[in-house]
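Please work through the following exercises with the sequence and the 3D structure at hand. Each task is followed by a solution in steps.

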Amino acid sequence: MIFSKKKEIINPYTLEECNSCHAITKRKFKDGDYVFKGTDKCGSCGADKMMVTKIFGEVIK
Ligand SMILES: [Zn+2]
């Protein structure tokens with residue numbers, strides 16, 4: 001049997017998109033995040049809410 005000796009750590013990220021200006025922000029995943037959740041104010045255009053569009057993990061090497 002072959003075992004991987006690398007221990008891979010997955011670092012979760014959240015992508016938020018603004019509905020008005022379509023700015024996309026990538027930030028670290030926070031507990032309670034889910035796709036289509038309304039989040040913070042847009043930093044680009046000042047719209048009230050951004051929306052979580054994607055949650056994904058990146059492997060840390
Ligand atoms: Zn915006």
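**Exercise 1.** Determine which spacing the donors of the zinc ion follow along the chain.

*Solution.* In this predicted model, the donors are the SG atoms of Cys 18, Cys 21, Cys 42 and Cys 45, which coordinate the zinc ion at 2.2 to 2.4 Å. Read along the chain, these donors give the spacing C-x2-C-x20-C-x2-C. Distant parts of the chain are thereby linked: Cys 18 lies in strand S1 (residues 9-18), and Cys 42, 24 residues apart from it, lies in the loop between strand S2 (24-28) and strand S3 (50-60).

**Exercise 2.** Assign the geometry of the zinc ion's site from the angles among its 4 donor atoms.

*Solution.* The angles run from 106 to 113°. Four donors count as tetrahedral if all angles lie between 85 and 135 degrees. The site is therefore tetrahedral.

**Exercise 3.** Decide whether Cys 18 is buried or exposed, and do the same for Cys 42.

*Solution.* The cut-off for buried is under 20% relative accessible area. Cys 18 is buried because its relative accessibility is 0%. Cys 42 has 6% relative accessibility and therefore also counts as buried.

**Exercise 4.** Establish in what order the 3 strands form the sheet.

*Solution.* The order is S2-S1-S3, in an open sheet with antiparallel pairing. S2 and S3 are the edge strands, each pairing on one side only. From one strand to the next, the twist averages 25°. Between S1 and S2, the antiparallel pairing extends over 5 bridges. Leu 15 stands opposite Lys 26 in S2.

How values were computed. Residues are numbered from 1 along each chain as its sequence is written. This is a predicted model: local features need pLDDT of at least 70, side-chain atom pairs count only at pLDDT 80 or more; totals for chains, interfaces and linings use all residues. Side-chain values use heavy atoms; hydrogens and water are left out. Donors are N, O and S atoms within 2.8 Å of the metal (3.2 Å for Na, K and Ca); water is not among the atoms, so sites may look incomplete. Four donors count as tetrahedral if all angles lie between 85 and 135 degrees; four count as square planar and six as octahedral if opposite donors are over 155 degrees apart and all others between 65 and 115; anything else is irregular. Helices (H or I, at least four residues) and strands (E, at least two) are DSSP runs, numbered from the N terminus. Buried means under 20% relative accessible area, exposed over 50%, partly exposed in between (1.4 Å probe, protein chains only). Two strands pair if DSSP finds at least two bridges between them. Axes are lines fitted to C-alpha atoms, for helices over the stretch in contact, and angles run from 0 to 180 degrees between N-to-C directions.
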